[in-house]
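I opened this entry to look up a few local features, one at a time. The notes are kept in the order in which I checked them.

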Amino acid sequence: MYFHNCLRLFLFIAEMSSLLRFAELWHFVLTVNEMVSSLTLQTVLYFNTFFFPFWWVSEVIMLQMKYSMLPGYYQCLLTLAVVILTLMECVRLSLGYVGNLHEKVPELAGFWLVTFIIQLPIILFLFTDEAIIILPLERAIHIPYLSFVVFEVVAGFQALKMMTNQLAMRFYLQQFQDSECPQRPERSQDIGVPYGSNSLTSIQ
């Protein structure tokens, strides 16, 4: 009787451990398959897309008004800054939309690098350097645009971190599935024992 109770207890513990393992595995699978697109990043990208044309028109008008009052090197520097920022903004927003919505790590990483290395230094230069004769309208349009860029740097880094973690989890899950269900070797069509009454004679 004591042995029977111990056996039942052992079977109960084994069943509970298997259920816990199945629950952990199921939770892991659900975590791997859930969407990790950042709603915050997508919202900021959406408003940035609509705000940038107004920023560009205002910046070009202000640059034209003060162009003759600037030194020669500042004229070239500001013109080059506006051109680079305009070209990179189109590429940056496209990479951000594709990387965030489709959960593609390379595109999102490219978006974050362009934002942090190119866009952020340029907009800080346009916003803080008093030698370029910052007009009131320029300061008014630089504040929201700088806010967009800073939010995109922070939200993009968080989204990129979540996507890389999920990609690593998918890789580990694939390795686990491969180890749990190894592929059976295929039977060769040329090697085998024939069936029928003449099997022994055909082997000989």
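What follows are my notes on one helix and on some loop residues, taken from a predicted model.

**Helix α2**

I began with the extent of α2. It covers residues 39–66, which makes 28 residues. From first C-alpha to last I get 39 Å, close to the 40 Å expected at 1.5 Å a residue.

I then looked for a bend along α2. There is a kink of about 35 degrees at phenylalanine 51, and proline 53 follows shortly after.

At the start of α2 I checked serine 38. One of its side-chain oxygens comes to within 3.2 Å of the backbone nitrogen of leucine 41.

**Glutamate 59**

This residue also belongs to α2. Is glutamate 59 buried or exposed, and which side chain of opposite charge is nearest? I find glutamate 59 buried, and the nearest such side chain is that of lysine 66, 5.2 Å away. A salt bridge needs a side-chain nitrogen of Lys or Arg within 4 Å of a carboxyl oxygen of Asp or Glu, so glutamate 59 has none.

I also listed what glutamate 59 touches. Leaving out residues up to four places away in sequence, the contacts are Val82, Glu138, Ile141 and His142.

**Leucine 70**

Next I moved to the loop between α2 and α3, where leucine 70 sits. Its relative accessible area is 6%, and buried means under 20%, so I count leucine 70 as buried.

What does leucine 70 touch, not counting residues up to four places away in sequence? I noted Gln75, Leu78, Ala131, Ile132 and Ile133. For alanine 131 I also took the C-alpha to C-alpha distance from leucine 70: 8.5 Å in space, with their positions 61 residues apart in sequence.

**Two residues with positive phi**

Isoleucine 133, one of the contacts of leucine 70, lies in the loop between α4 and α5 (136–180). I read its phi as near 60 degrees, a positive value in a residue other than glycine. Its relative accessible area is 30%, which falls between the 20% and 50% limits, so isoleucine 133 is partly exposed.

I looked at glutamate 103 in the same way. It is in the loop between α3 (72–101) and α4 (105–128). Its phi is near 55 degrees, again positive in a residue other than glycine. With a relative accessible area of 21%, glutamate 103 is partly exposed, because buried means under 20%.

Methods: Residues are numbered from 1 along each chain as its sequence is written. This is a predicted model: local features need pLDDT of at least 70, side-chain atom pairs count only at pLDDT 80 or more; totals for chains, interfaces and linings use all residues. Side-chain values use heavy atoms; hydrogens and water are left out. Helices (H or I, at least four residues) and strands (E, at least two) are DSSP runs, numbered from the N terminus. The expected span of a helix is 1.5 Å times one less than its number of residues. The bend at a residue is the angle between axes fitted to the seven residues ending there and the seven starting there. A polar contact is a pair of N or O atoms within 3.5 Å; within protein, one must be able to donate a hydrogen and the other to accept it, and residues adjacent in sequence count only if both atoms are side-chain atoms. Buried means under 20% relative accessible area, exposed over 50%, partly exposed in between (1.4 Å probe, protein chains only). Lys and Arg count as positive and Asp and Glu as negative; His and the chain ends are not counted. Contact means heavy atoms within 4.5 Å.
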